[in-house]
Amino acid sequence: MVDISKLGIQQSIIDTKQRAQPQVVKSLSEAMDIANKDAGDEAIVEIKSETGETQYAVVDLKAGTKTAAVFDPNSTELHFGVLTRQKHHTEGTVQSSSNRLEVVDSLRSKPGANLAAQTQSTLALAQAALDKVSGFNSKEAPFGQRVVSYDHNLETVNTLLDQSSEQINARLKTLEADLSLYSDPAKQKEYTELKSQHAELKTYQGILKTRLLLAAPSDHEIVIPGTQGMKVGQGRSNAASREGVLTALRSRESQLQMALAAEKGGTNLPERVKSLEGQLARVQTELKGASQQILGIAQAAFKQSTRVGALIEMRAGLDSSRTDLLVKSAQLSRLNAELQANPSRKAEIEPQMNAIAEQMESVRVHLIADMKSQIATFKANAGLGQGTKDALALLETEVKKLETLSPLKPEGGIAMEKAEQLQKEVENIQLKLYKSNSDSLLSQLKKEPWQGISPEETRILENIDTHVENYTREYQMVRGQQVQLQKDVDAAKTIPDFQYAPIAQKNLLGAQSWTPGGTGLSGVEANQEINRTYHSLDHAFQSYLGQPTVPNWMTFGKYASREAGQQIMNLEASLEALHTLATPDGTLVNDERSMKALARVMVQDKMVDQSIRMAAKSMGINPALPAEDLVKEMVKDFASSPTAAPGKIALITGNLEKLHAALVKGNTRIYHNIVPAYDIFMKAEMAGGDGIDALQKAGYGGKGGLFVDRSTTTGKDPQGFVLDAFKKYKAAKNIHDQIQVLETRKQSSGDASGALQKEIDGLQKQRGEIIHAANLLIGCQEQMGILQDSDIFTDPLVNDMLGAMSGTMTLTDQLGTSELLPGATPATANWADFPTRMGLTEVPVADLGKYRIANPQAGDPPAGTDPSLPAVVRVEGPAAGNVRYFKTNGNPGTISTYFADRTFDSAKAASVSAAPPRDIAPLYRHNVEGKVEFYDRALEAQATANGPLGLLGNGAGHILFD
């Protein structure tokens, strides 16, 4: 064994636990084999034995130790240098390897060193590098680093050869200059030896460069020294480079043959001949091997190109299939949104969903078939190495993952444990693939051209695995969407279909022509039909809107109409009584009875009380007297001046008739405008059609303006209030169905986080606000579009009477009596004014950016679209082109406040919706015998006062329109 101290090794740094002394062998190749058996770091040291024999010592080093830190460059025992094996390391984000030849100069670096001896060592090093390539690579290094390590090793040796060549050239020039001046046998001998070594260097340099040109390409583009930019592996992809390799070798062969012929014919030393013969043999061997390798490379290049093409086709197929999945996901999301917006479309949505699933499955089946076809192509062009076998195993496992996906499984694909098992199998194959590829690459470089696979193929294989993983994950996601959508569709199927028994609408406009003592349809009889119809439509529409109950316009309309009927009944009873007074029969019996009837009517309703007081005032009687005294004074007046009585009665009758006519017109016109809209809408929805489309075809929905002619379709809904209202009702119905779907989902899957319940609560709130907004729009249609007609509320007499009654009117429904404009006087508010009774405040056009327009028309100024902003309603009138915008103000006793109070309180909503309006019947009739009869009803015991057709509405803090 060799004493470590004689090697010039700094012993304090050596880890001698594994080997106390270096192992010494006679050949560099054997030393490399010994070093390669260990995974640690070793140094191979060239030494001289006591007999002068060249030997090599294998020395263990601490991991990562630099060679220069171990060997003393001044040691006289260290002849030339050291080859080290060090593990690869990472600098920043770039991985590289330091598995390269490191030379620690000793004697060579000193002045006067023997150049010939140094050059001989370099040549030996080059020969070792060429003959024992595997000795320069760590078996544990990953595939990429192994290639880089090999390239660096050859590059380093080439660099050393270049450096030695430069040193020899310089020395040869010096010697040539000296020998030209004088003869020196020693210098002549050195010159001859160096010339021979220089020739060998050129041969080795050429062979190394051809090796690097034909080497396995790596991820690192390494430039070959002395080649003007040619890169390692360039010959494998460049036919011109391959041809250049053969040309260069043939040229060198020719040069050596000529030199050898010259030497044999001359008197040179046998060593020179032997050197040239050795070089020639090596070049010829290299030429033969390179020719075979280049032929194999061309064949392998074609096969590799075909394999790469197959892999790229697989990856492209996966990309295309993944894109298709994204499209299918978007389609399912759209269908889900459509189902949520309108669950009644379930029958239309389900076939579309199934078609998407079939298309998705067709794409998957096609993808698998295409991948199998490409795998067959890959296999047909694969080499015999283990690497291609591993690559095929990996690809077949990827296909297995795709085949395991099942569109029939509820989870939408393979079970998680199965997916993890397959992925682990893929990862194990990948590890084998990298290792076997690197081993086969290094072992076959001198044999057959690339029986394994290239780094490019390895990268694409890894990329394919990533693509399959992504596809699998996205397939399961899309399948999950489909499964959830199917559950929601099934839930929507459980929602009962809307049923509606169409009403028999009657023509009640004849009540406008009723006269006292006549036999035609009276206003109160028409009102009875209206109230029954409103209640029937209210219940039918509640069935359409679903639970929980939220009042619709008909809910309030039936109560308001019933209160209007009370007024009409009182007015008709009064007109009948006045007709009796105006028909002399020679006795005061009927006159007294009719006056008593008037007194009874007066206490029935404040409005009639006030109207008769107005008539009494026109007779010169103090209207502030109590009812009993007022009647007595009127009777006295008639008795004291019988001839003047007919004129006075005519005055009273005229006032009452005008008020009566206004109320009957309003009551019947609203019926003929709103009732058909409800009926048309519900018939269409029951039949599976679109109620909105049916309303538009029937003439609802206009371009703005006031009513002009209700006998035409354009007069039904000129400002679009009715159409916009039913659009909102339909949206509320869809929200109800959406809530039912979510309730089913909550029951089946649970709601541990409460997210579904939170969503349901939000939708319930939104549903109530939308219905409330729809109620107000129909309220605008009724209050502004009909009651503001010139022969109703804008008639001067009616307007005066309504103004006089402001602050004294009430409305009674199932919950009790509500005061209308409490505390108001004609000076502060007038019930005949549309914005006042609706509870609306005008918004200046300049401020519209702070609001949303609930029913916009073309030409409207821009307004906010944020759904959280408060809304305004667009009203055109009273003059044509006079467009105004209003928001609710929450004032007490207004229509909007009344609506809100009963809409956003669930208990109140249920109560007013369930109850029918109170019955109503004639209070007084004038029969053929001229007798007066009173029909006392339970209703007479209740507070039965109200304003004319009061339809009421919104409270502060609620959104007016959605």
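Here is a short chat between a visitor and a guide about this predicted model.

Visitor: What does the secondary structure of the chain come to?

Guide: There are 24 helices and 14 strands. Of the chain's 962 residues, 52% count as buried.

Visitor: Why is leucine 821 called buried?

Guide: Leucine 821 has a relative accessible area of 7%. Buried means under 20%, so leucine 821 counts as buried. You'll find leucine 821 in the loop between strand 8 (816–819) and helix 22 (834–838). Leucine 821 also has a positive phi of about 45°, although it is not a glycine.

Visitor: And glutamate 361, is that buried or exposed?

Guide: Buried: the relative accessible area of glutamate 361 is 19%, and the cut-off is under 20%. Glutamate 361 sits in helix 8, which covers residues 346–380.

Visitor: What makes the pairing of glutamate 361 and tyrosine 475 a polar contact?

Guide: Their side chains are joined at 3.5 Å, and a polar contact takes a pair of N or O atoms within 3.5 Å. That pair therefore fits the definition.

Visitor: Why is helix 12 called oblique to helix 19?

Guide: Helix 12 (523–545) and helix 19 (721–749) pack at an angle of about 50°, with their axes 8 Å apart. Angles under 35 degrees count as roughly parallel, and 65 to 115 as roughly perpendicular. An angle of about 50° falls in neither range, so helix 12 is oblique to helix 19.

Visitor: Which residues make that contact?

Guide: Helix 12 brings Phe541, Tyr544 and Leu545, while helix 19 brings Phe726, Tyr729, Lys730, Ala732, Lys733 and His736. Sorted by class, the contact has six nonpolar, one polar and two charged residues.

Visitor: What comes after helix 12, in the loop before helix 13?

Guide: Proline 548 lies in that loop, between helix 12 and helix 13 (553–581). The peptide bond from glutamine 547 to proline 548 is cis, with omega near -5°.

Visitor: How do you know that the reach of helix 4 is close to what is expected?

Guide: Helix 4 (residues 185–214) has 30 residues and reaches 44 Å from its first C-alpha to its last. The expected value, at 1.5 Å a residue, is 44 Å.

Visitor: What caps the N-terminal end of helix 4?

Guide: Aspartate 184 does, with a side-chain oxygen 3.1 Å from the backbone nitrogen of alanine 186.

Conventions:
Residues are numbered from 1 along each chain as its sequence is written. This is a predicted model: local features need pLDDT of at least 70, side-chain atom pairs count only at pLDDT 80 or more; totals for chains, interfaces and linings use all residues. Side-chain values use heavy atoms; hydrogens and water are left out. Helices (H or I, at least four residues) and strands (E, at least two) are DSSP runs, numbered from the N terminus. Buried means under 20% relative accessible area, exposed over 50%, partly exposed in between (1.4 Å probe, protein chains only). A polar contact is a pair of N or O atoms within 3.5 Å; within protein, one must be able to donate a hydrogen and the other to accept it, and residues adjacent in sequence count only if both atoms are side-chain atoms. Axes are lines fitted to C-alpha atoms, for helices over the stretch in contact, and angles run from 0 to 180 degrees between N-to-C directions. Angles under 35 degrees count as roughly parallel, over 145 as roughly antiparallel, 65 to 115 as roughly perpendicular and the rest as oblique. Contact means heavy atoms within 4.5 Å. Ala, Val, Leu, Ile, Met, Phe, Trp, Tyr, Cys and Pro count as nonpolar, Asp, Glu, Lys and Arg as charged, and the others, Gly among them, as polar. The expected span of a helix is 1.5 Å times one less than its number of residues.
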